[in-house]
Amino acid sequence: MKIIVAIKQVPERDAQVRIDPVGKWIEELDVQFALNESDAYALEEALQLKEKHGGEVIVISAGPERAGQVIREALAKGADRGIHIEADDLGSRDALGVARLLAAAIQPENPDLVLAGLQSEDLGLGQTGVILAELLGFPHSSLILHVDVTAKGLKVKRELEEGWFQSIELPLPAVLAIQSGGNKLRYATLMGIKRAKTKEVRRASAGELGADASPVVILEGISLPQKQRSTQILPGSPKEASAALVEKLRFEARVL
Amino acid sequence: MSGVLVVIEQRDGAIGRISWEAVAAGKFLGTKIGVDVGAAVIGAATESAAAQLSAKALAKVVRIEHALLAQYTSDGYSLALEQFIAQDKPEYVIFPHTYQVRDFVPALATRFGEMLISDVIAIADGPVFARQLLQGRLQGSYRHTGTGPCLVSVQAGAFRADALEAGSAQVSRFTPALDAAQIRTRPEPPFRGSEQTIDLGSAQLIVSVGRGIKDAENLPLVQELAKALGAELAASRPICDNGWLPMERQVGSSGQTVSPRLYLAVGISGAIQHLVGMKGAQCIAAINKDPDAPIFEVADYGIVGDLFEVVPALTEAVKAAKG
Ligand SMILES: Cc1cc2nc3c(=O)[nH]c(=O)nc-3n(C[C@H](O)[C@H](O)[C@H](O)COP(=O)(O)OP(=O)(O)OC[C@H]3O[C@@H](n4cnc5c(N)ncnc54)[C@H](O)[C@@H]3O)c2cc1C
Ligand SMILES: Nc1ncnc2c1ncn2[C@@H]1O[C@H](COP(=O)(O)O)[C@@H](O)[C@H]1O
C-alpha cells in the first residue's frame, strides 16, 4: 500500500508567543517548531499499516526551509521518502490554497491512502484533510483513531462526541484525518536517524505546482483574546498561595 | 445571493444546544447585515425538528429530506446541501461546529471553491469573524473575500441560544436528487467506548490533571491532593491518550461533561475542547506556570507557578485545614 502522510510544522506547544509588528502573525524568530501532534499520530498509523501490509510511506509538508526538520524527523521514524513543498507565503494562502498545493503534489503519486492530522495546533482549522479528499476525488472520514485493511478497502474507528465511537467502511483510495491518541507514538532510533540521511526528499516549489493561490478567506489580523472573567490570582510562595487558596475555597466560594 | 441560512443538526428529532446557538449566531449576523435568516434541517425524518424551528422568529424553515439521509454520511449530506445551496443561493451558511460538521462541510465548501471559517467565537462589523489560534492563546479576525457562499461554523457556547424570539416560520421541503451509488462510505451504528465505572458527572469535587504533569510517574502528586480533598481524579485528553489514566476519566468534548462544586485544574492549558466539559463547574481553580494560559479565562482562582512546588504545598494546606 502506498501511503502519503501530510505533516505540518507548528510552533512548540509551550512556546511563548508574541504578535509581530504588523499584527498578522507571531514573531517566528522567538519560537521553536515541532511536528503537529495529530500528524505524529497519522504518521504512526501509516508506519504500522506498512509494517502489517507492506508498501511505502511518503511524508509531504508545505512550508518554508525549516519545515525540512519535520520531514527528516518522519524519515528517522521510518517513512521512506519525503516531499517538501517550499513555500514562504503560506500565511497568505487559505486552507483551500494550501490543500491545492498538497493535492497537486500528491496526485502524480497515485497513492492508495492519504492521511492527514485532524487539526493543526497553530491555525486549528481542522479541515485541510477533508478539503484534500474533495480535491483528489477520494472518499474520506475524519476523527479516525484506528485503521484496519479489509478485502474491500478500509474499516476505520471514528470518534464521536462524549465518549461514543463508530466504525465506517470505505473503499480505497481514501483520505483519513487522524485524531490524536489512537496509537502509542514511537521515537526515532539512532539507526533511524542515520538512515534518514540517505533517504530522498524531493523539493517542489509552490510556483511549479501551479496551484491557485488567490484566497477566499483572509486573516486580517491577530490579537490577544479579550479577558472574560477576572481570575483572582493568589500571590506569594507556593505555601502562601496554597494557604490562601484553601481559605478562599472554604470561606469565599464555600465549596470545601 | 442573499440571506443567512442556518443548518442545524438533529438526532431522532432532538436539536442539541449548539444547534440553537448556531441559530442565534445566524440571527445575530442577519440583524447586523439586514437580511432574512432561515434554517434547514437534513435527514430522512425531519418533521419534528422542523416544527421546533418553525416556532422561532425565522423567515423560513426547510426540510432537506431523503431516505438516503437517514444516517449521516459526508457524501450524502454534502450532495444534498450542495443542491439546496445552489438553488437557494444564501450569502452566508452557518453551522454548529460539531464533529459531523467538521467531517463534511470542508468538502461542501470546496465544491463551491470556498472554505469553511471554522469554530467562530464572535462576529463583528464587516462582517469579520473571530476564531481562536494557537489553542486559544491568540485570536484571529477573518474576512470572506470569495464570490460564493460564505460558510461559517460556530463554537459551542459562543452565542446565547436562550434569547431566541418566538415566531411562526413557513416550513417547506426540498428533496435532493441522490443515488445510493454516490455514497461511498458505510457507517455502522455508534457504540460506547470503555466501561463506565466512575461517575465523574455527579462528583462534587474534582482534581483534574493535564500535560503539565510531564510523566505518568508524577501522577501520585495529584492523586495525593485528590485524596486529601476527597475528590475524584480526572484528566485532559493527552493524559488518557498516553494511557496514564483510563479514558473514562477524560473531561471534555470527546469525554465526560462534569459540573462539580469545585474543579481544580492542574497543568491544564484550557483548550476549548477541554473547557466545554467543565465550564459548568460552580467554582474553578487552576494551577499553571503560564500566566497567559487560557484556563485563567474561566478560572475563579489561580495560582501561577510550578505545579511540582504548588501541588505538594496545597496538599499540606488542605490537610492542615481539615485538621
Ligand atoms: C476534536 C477534538 C476533541 C478533543 N477532545 C478533548 C477532550 O475531550 N478533552 C481534552 O482535555 N482535550 C480534548 N482535545 C485536545 C485539546 O485540544 C487539547 O490539546 C488538550 O486539552 C490539551 O491538554 P493539556 O491542557 O493537558 O495540555 P497542554 O495544552 O500541553 O497544556 C499543558 C499546560 O501545563 C502547563 N504546565 C506545564 N508545565 C507546568 C508546570 N511544571 N507547572 C504548572 N503548569 C505547567 C503549561 O503552561 C500548559 O498550560 C480535543 C481536541 C480535538 C481536536
Ligand atoms: N502546510 C502543510 N503541510 C502539510 N500538511 C498540512 C499543512 N497544513 C495542514 N496540513 C495537514 O492538514 C491537517 C489539518 O490542518 P488544519 O486544517 O490547518 O487544521 C494537519 O494536521 C496536516 O496533516
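Modeller: Let's start with a definition: two strands pair if DSSP finds at least two bridges between them. Keep in mind that this is a predicted model.

Biologist: Happy to. What makes β17 and β18 of chain B a pair?

Modeller: Four bridges join β17(B), residues 283-288, to β18(B). The definition asks for at least two, so β17(B) and β18(B) count as paired. The two strands run parallel, and in β18(B) the bridge partner of I287(B) is I303(B).

Biologist: How do you know that β13(A) pairs with β18(B)?

Modeller: Two bridges join β13(A), residues 232-233, to β18(B), residues 301-304. At least two are needed, so this parallel link between chains A and B qualifies as a pair. One of the matches is I233(A) with G302(B).

Biologist: What makes β12(A) a partner of β9(B), and in which sense do they run?

Modeller: They share six bridges in the antiparallel sense, and the rule asks for at least two, so they pair. I222(A), for instance, has G140(B) as its bridge partner in β9(B).

Biologist: Why are β12(A) and β11(B) called edge strands?

Modeller: Each pairs on one side only. They sit at the two ends of an open sheet of 10 strands, whose order is β12(A)-β9(B)-β8(B)-β7(B)-β10(B)-β6(B)-β1(B)-β4(B)-β5(B)-β11(B), with mixed pairing. From one strand to the next, the twist averages 35°.

Biologist: What makes you say that helix α2(B) packs on the sheet?

Modeller: Contact means heavy atoms within 4.5 Å. Helix α2(B), residues 47-54, touches β1, β4, β5 and β11 of chain B, so it packs there by that cut-off. Its direction makes about 170° with that of β5(B). Helix α3(B), residues 74-88, touches β1, β4, β5, β6 and β11 of chain B, and its angle to β5(B) is about 140°.

Biologist: Now the ligands. Why is the site of ligand 1 called shared?

Modeller: Residues from both chain A and chain B surround ligand 1, so the site is shared between chains. The shell holds 34 residues, and S236(B), V251(B), S269(B), Q273(B) and N288(B) come nearest. By class there are nine nonpolar, 17 polar and eight charged residues.

Biologist: How do you know that R237(B) makes a polar contact with ligand 1?

Modeller: A backbone N or O atom of R237(B) lies 2.9 Å from an oxygen atom of ligand 1. The cut-off is 3.5 Å between N or O atoms, so the pair qualifies. Backbone atoms of G267(B) and K289(B) meet that test too: G267(B) is 3.1 Å from a ligand oxygen, and K289(B) is 3.1 Å from a ligand nitrogen. The protein covers 93% of the 980 Å² of accessible area that ligand 1 has on its own.

Biologist: And what makes Q127(A) a polar contact of ligand 2?

Modeller: An oxygen atom of ligand 2 is 3.0 Å from a polar backbone atom of Q127(A), and the limit is 3.5 Å, so the contact counts. A backbone N or O atom of A62(A) lies 2.8 Å from a ligand nitrogen, and one of L125(A) is 3.2 Å from a ligand oxygen. Here the protein covers 98% of the 480 Å² of accessible area that ligand 2 has on its own.

Biologist: Which element gives the most to the shell around ligand 2?

Modeller: That is β4(A), with three residues. The shell has 21 residues in total, divided into 10 nonpolar, nine polar and two charged.

Technical notes:
Residues numbered from 1 in each chain as written. Chains lettered and ligands numbered in written order. Predicted model: local features only at pLDDT ≥ 70, side-chain atom pairs only at ≥ 80, totals over all residues. Heavy atoms only, no water. Near = heavy atom within 4 Å. Polar contact = N/O pair within 3.5 Å; in protein donor to acceptor, adjacent residues only side chain to side chain. Areas by Shrake-Rupley, 256 points an atom, 1.4 Å probe, with all protein chains shown as cover. Nonpolar A, V, L, I, M, F, W, Y, C, P; charged D, E, K, R; others polar. Axes fitted to C-alpha atoms, helices over the stretch in contact; angles between N-to-C directions.
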